[in-house]
Amino acid sequence: MKISARTQVLFLLLVLFDLYGLLRADLIADTCQKTFYPGICVSTLRSNPRSAGADVAGLAHIVFDTALPKANSTLNLVNELYAKALKAKEKSFFEYLSNCLNQYEEAVSSLNGCTEYLGSDNFGTVLRATQAVSYVLICEKEFIELRPIGGRASPITAQNNAVEQLVSIALGIVKSLGCNQPICSFS
């Protein structure tokens, strides 16, 4: 049985397409292995169709684009909790929420600048992402310190963790691109 040239070309294209898909999958897996949360990294990137054709900088951009709405959502939640605590006259609680509100405003501001410099100034991106993680961690730390003195547990731990993990993943990806500054060599 003789196979037509058209069938041979079609078969070759299918094999190349399959190979390309495997190489893209390896890029995501290899890139995510360089982050603190490889499992979350892989699931975040595989769930976004833009990652199929992205290079490593593009993968970082996708993770930043995933983190920013979560940070904005958490900022809005903190704002709502703050207003409720203020209305209920829960002084110590709204003081901590006030600090978290300030921290999240700074975190969102830092995240907004991350993708602007990605690829051209990785040092600037690393610096802004590091700042964003610090602000989120400070917010959570406020509640950890409040708890021993009769305070409440953080009502936003899950959101803080999600934002911190996503920004840390993006940070790890950007650091893997390099930036010729000492901050980029630290994990």
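Start by selecting Tyr37, which is partly exposed at a relative accessible area of 24%. On the scale used here, buried means under 20% relative accessible area, exposed over 50%, and partly exposed in between, with a 1.4 Å probe and protein chains only. Tyr37 sits in the loop between α1 (5-32) and α2. Now add Ile169 to the selection: the two residues are 132 residues apart in sequence, but their C-alpha atoms are 6.4 Å apart in space.

Before going on, note that this is a predicted model, in which local features need pLDDT of at least 70, side-chain atom pairs count only at pLDDT 80 or more, and totals for chains, interfaces and linings use all residues. Residues are numbered from 1 along each chain as its sequence is written, and side-chain values use heavy atoms, with hydrogens and water left out.

**The whole chain**

Show the chain as a cartoon. Its secondary structure comes to 6 helices and 0 strands, and the order from the N terminus is α-α-α-α-α-α. Helices (H or I, at least four residues) and strands (E, at least two) are DSSP runs, numbered from the N terminus. Of the 187 residues, 38% count as buried.

**Helix α2 and the first cysteine pair**

Select residues 38-46, which make up helix α2. Which residues of α2 are buried? They are Cys41, Thr44 and Leu45. These residues cover an arc of only 90° around the axis, which puts them on the same side of α2. The arc is that of the directions from the helix axis to the C-beta atoms. An α-helix has 3.6 residues a turn, so residues three or four places apart point the same way.

Keep Cys41 and add Cys32. The two form a disulfide, with their sulfur atoms 2.0 Å apart; a disulfide is a pair of cysteine sulfur atoms within 2.5 Å. The torsion about the S-S bond of Cys32 and Cys41 is about -70°, so this disulfide is left-handed. Cys32 and Cys41 are both buried.

**The other cysteine pair**

By the same rule the model has 2 disulfides. Select Cys100 and Cys139 for the pair with an S to S distance of 2.1 Å. Is this disulfide left-handed or right-handed? The torsion about the S-S bond of Cys100 and Cys139 is about 105°, so the disulfide is right-handed. Cys100 belongs to helix α4 (residues 91-117) and Cys139 to helix α5 (residues 122-146), so the pair ties together parts that are 39 residues apart in sequence. Cys100 and Cys139 are both buried.

Cys114 is worth a click as well: it is buried, with a relative accessible area of 0%.

**Helix α3 and its neighbours**

Two packed helices are described by the angle between their axes and the distance between the axes. Axes are lines fitted to C-alpha atoms, for helices over the stretch in contact, and angles run from 0 to 180 degrees between N-to-C directions.

Select helix α3 (residues 56-87) together with α4. Their axes come within 9 Å and cross at roughly 160°. That makes α3 roughly antiparallel to α4; angles under 35 degrees count as roughly parallel, over 145 as roughly antiparallel, 65 to 115 as roughly perpendicular and the rest as oblique. The contact of α3 with α4 has 19 nonpolar, 7 polar and 2 charged residues. In this count Ala, Val, Leu, Ile, Met, Phe, Trp, Tyr, Cys and Pro are nonpolar, Asp, Glu, Lys and Arg are charged, and the others, Gly among them, are polar.

Next, swap α4 for helix α6 (residues 157-177). Helices α3 and α6 pack at about 155°, with their axes 9 Å apart. That makes α3 roughly antiparallel to α6.

Now move to the loop between α3 and α4 and select Lys89. Lys89 has a positive phi of about 60° although it is not a glycine, and it is exposed, with a relative accessible area of 71%.

**Two residues to view with Arg128**

Select Gly113 in helix α4, which is buried at a relative accessible area of 9%. Gly113 and Arg128 are 15 residues apart in sequence and 6.8 Å apart in space, C-alpha to C-alpha.

Keep Arg128 and pick Leu171 in helix α6. At 11% relative accessibility, Leu171 counts as buried. Leu171 and Arg128 are 43 residues apart in sequence, and their C-alpha atoms are 9.3 Å apart in space.
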